[in-house]
Amino acid sequence: MKQRGLTRIHRAVAAGATIVAFAFTGCSTSGTSSSVNAGDGLNEQATLSYTIWDAAQKPAMQKIVDEFTKIHPNITINIDVVGTKDYWTKMQTAVSAGSGPDVFWMNGPNFALYASNGTLAPLDSSLVDTSNYPKALVDLYSLDGKLYGAPKDFDTIGVFYNKRLFQEAGVPLPTAGWTWDDFKADVAKLTNKSAGVYGIASAPYGQMTFYNTIYQAGGEVINAAHDQIGYGSPQAAEGVGIWADFIKNGQSPTIQQMTDTWPGDSFGSGKVAMFWDGSWGAAGYAKSAEGKNIDVAPLPMGPHGNQSVIHGLANVANAQSKHLAAAKAFAAFASGKEAADIMAATGTVIPAFNGTQEAWVKAIPGMNLQIFLDEATSAIPYPISKNTSAWNAIESDIIPQILSGKVSVEAGLADLAAKAQAELDKEK
Amino acid sequence: MSEALSGSAAVHRPGRGNGRPWLRHWAIHLVLIVGSAFMVFPFVWEFLTAFKTYGGSVLVPPQWIPDPWTWNFGAVFDSIPLGQMALNSVIITLARTLGQVILCTMAGYGFARLNFPLRGPLFLVFLSVLMVPSQLFLLPQFEILRSLGLLNSLEGIVLPGLFSAFGTFLMRQFFMSMPLELEEAARLDGANPWQVFWRVMLPLAKPGIVALAVFTALWSWNDLLWPLIIVSDADKQPLSVGISLLASDPHNQTNYPVLMAAALLAMLPMLVTFIVLQRQFIAGIAFTGSKG
Amino acid sequence: MKLTAPQTAAPIVDPGRERATAPARRGRGPHTSAWWALLFVGPTFAGLAVFYLYPTVRTIWISLNDMGPFGRPTFVGLDNYAKLFADDVFVTALRNTFVYSLIVLLGIPIATVIAALLNTPGLRGRGVYRTLFFLPVVTLPAVVALVWRLIYNGDYGILNQALGYLGIRGTSWVTNPHTALVAISVVGIWMGLGTNIVILLAGLQSIPDSAFEAAKIDGAGPVRTFISITVPLLSPSIFIVSVIGIIGSLQVFDIIYLMLGNDQNPVKPEVRSVVYTFYQFGFGRNQYGYAAAIGLALMVIVLALTAVQFWLQKKWVHYE
């Protein structure tokens, strides 16, 4: 019985090996024939993989793929949606093993990491005309003067507010040009302990709150060369301090409360009167319980202006793609004019291509979404470096302590600045 | 209560007669009802939330009873290819469960009843596999599968899952807790180890095998990270990946009602399998009575 | 390790027994046994070697390097390990993980009692109870965390509402540094009860009636029977439940990550586990070499604790 078993196994292995051998010869044959026409590489049969992380945008992406396939019928593109939580885990694993998708979405914090390690293909001017996009985004996705990501969409920050709560408190609604002082005064008047209403929520998320106020105070989070942290300056202290004060004065839910309950949900339920959030939040707030009472205002003026941080996604091409020319062409196309029009029509994101944003602005009639577009012109690129997540992690540890008053603003920021700078120095 | 803790079926307690089972066991039922209510509670929330609107699901303070009652199950099918994913999950789970039941039962028996050189150290090597956080395996396993050409395939998902140190350990324990007499009898009759295993031990190990099958099926059904990493095509992904997609909205606006609806649907096959396999437990009682 | 090998290899209780079976196998001889072992154990060993042992070796190599996410390792020898034990983050993570595991161990006696109750002959609705106890096991971890965070919510949580009726003012259980770890551990117990009950029930089925009849004849009461008969005869199953339980809870990640809610939870230092820290350094801060060292350090610790458990088993586990 043992003998029979082994012989069977031998035969199975032999069969398997033969099949594998055939498969390889099959591959190499087609390989040689296509390398003969390797001129522009766009005419060969190719199947590309396109990885994204937002299931809500998949229908729009599918339309973009269909448009591209009409122009290049020999190229098939498969879309893979991976949830945000796992996207970078999967991407790193695959790219490290030399096997990532051909085209995929990139964001600011991860950009420099991927670009500086040579995993992204440069997109030259024949593919992407940078004058079609906001300058801040082009800067965000360029390294050493070369563009590696084609800007796909952008988001800026606005002040969402609840009209009903303003009217009930007898506070005039925010108008363009309102200042930090107006803002602070409104927060004080809107906070109503007995009714369980807070004027504002000091969410410890930089992009939504304190990054913006740091720049508005005249400071910076990181310098343009991405090698110097700006948290140690007095302007940074001013920018962070304003949020800590709200919690100290009982005008914002505490850090603990905001960890228990997402402040956006509290805002949508009428427990918070104002909430600084990104343009992406508009759709959700429109569907919330207070939906019809919610509108949005531009950021208030600080000592140095009312800049918002701008961020956006980019389509990037994998430098190790087996169909590099096709991958680069699609990455550029997915951020081009036709793609932008398709994205605008769905109302899910603000396309980055200049002049295509009208449809998004009109998507929610009750909200003044134009302010998000206006802010793009003066916006600051989202602060990044080669290993952004290293010092972001330190921010997540220290900022909540500062905001909750466990450490003073000056001491906390000095600590943060020192530790973050140490991480930055490791990047050299 | 005494019968419960002693597990014996055959004893009559004089003086109590055959009272109604509910009354006799009232204390037991009380404990079990309280216990199971505690267990079931989050499931109740899951069920109710599946019928809320998005606005209702994020209301602060939380809304218990949906108002208005909304049908979200259709939206699940719009968001992910549920049918295909369910099929994938079934195939993957069946393959991995069958594979583990066969391989781990054999390996467990080998460690429990066969004497061979280096048995002890080898078992420790097996156990050491359990002690490494599984995330550490991700990259090397990915590379192995890539060189085998099994990326983006159901086979690739199944392959590493056929081998389990936990399953081996579980079956070893079960085999070791069985009395030796039957085995010895078979051996004295001249049976070789395979025949002893196949004809004598395997039938006796049914409860253990059922337990192993239940665990493996459950683990396989909910396994998320591995299929996520190696499969890119949506039509080859299992349910767990689809659900994780619904749970990770990039802007903190997870559509909870749809997520709960999908989670309920995804849970059904496992629940049904468990209820069906439970009968095997009952069959086990019959065999227990014939021993000893 | 050599010390524990004999314990794991041989059944414990009766050395006389072992000798009694040896002559029966004499005809086979050790050589033949090795071939049979190959048949039984070989396939699983081969698979584990390829998919788990080789990756472990590779991870050991990675841990001896300074490595970013895209390769390019720089050899640093045992530097990563030296840094580990001086690193406050790792040490507190280790402490948290131990506390979590200890609390979750409490789930085992609870599961044993419930399994025994469920095993009551003639119990009506047994299948229904079993299914209900099993429900948490089939519920998605993300959903479990969602609901438990609602229960524990400081302002609107059900726990605090219930406590309010008793006149006790509750806190925000998941953001209060004194309560967060315990609160999360309770969820850990809750999640594991179903699987433990299944294993223990299977073990209970294997206990022959003769043992209980003997106890009855000797006049033992229910509790006495439970302690002197049920538990010892169930001990192989209890053993596996506790070994697997400890191995599993020392590697806890999912529930910690989900219950914390976000990266800005101020009690992160009091709660994060070793694997959570591994994840942060590996996929968060992109320091793969250090992360690998964390993972392997954990493996050594788990190995040591498991070896201790196996050594202890001869004191309390009964095999036939």
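In the predicted model, 100 residues of chain B are in contact with 99 residues of chain C. On the chain B side of this interface, helix 16, which spans residues 256–290, provides the largest share, with 13 residues. Sorted by class, the surface of chain B that touches chain C comprises 72 nonpolar, 22 polar and 6 charged residues.

Chain C is also in contact with chain A, through 20 residues of chain C and 23 residues of chain A. Three helices of chain A, namely helix 3 (84–96), helix 10 (255–260) and helix 17 (388–403), each contribute at least two residues to the side that touches chain C. Of the elements on this side, helix 17 of chain A gives the largest share, 6 residues. The class composition of the side of chain A that touches chain C is 8 nonpolar, 14 polar and 1 charged residues.

The confidence of the prediction was then examined for chain B. The mean pLDDT of chain B is 82, and 87% of the residues of this chain reach 70 or more. Among the elements of chain B, the highest mean pLDDT, 94, belongs to helix 9 (residues 154–158), whereas the lowest, 46, belongs to helix 1 (residues 2–6). Two stretches of chain B with low values may be noted. Over residues 1–17 of chain B, pLDDT stays under 50, and the model has 40 contacts beyond four places in sequence for this stretch. Over residues 282–292 of chain B, pLDDT likewise stays under 50, and the model has 14 contacts beyond four places in sequence for these residues.

Terms used:
Residues are numbered from 1 along each chain as its sequence is written. Chains are lettered from A and ligands numbered from 1 in the order in which they are written. This is a predicted model: local features need pLDDT of at least 70, side-chain atom pairs count only at pLDDT 80 or more; totals for chains, interfaces and linings use all residues. Two residues are in contact if their C-beta atoms, placed from the backbone, lie within 7 Å. Helices (H or I, at least four residues) and strands (E, at least two) are DSSP runs, numbered from the N terminus. Ala, Val, Leu, Ile, Met, Phe, Trp, Tyr, Cys and Pro count as nonpolar, Asp, Glu, Lys and Arg as charged, and the others, Gly among them, as polar. pLDDT is the predictor's confidence in each residue, from 0 to 100.
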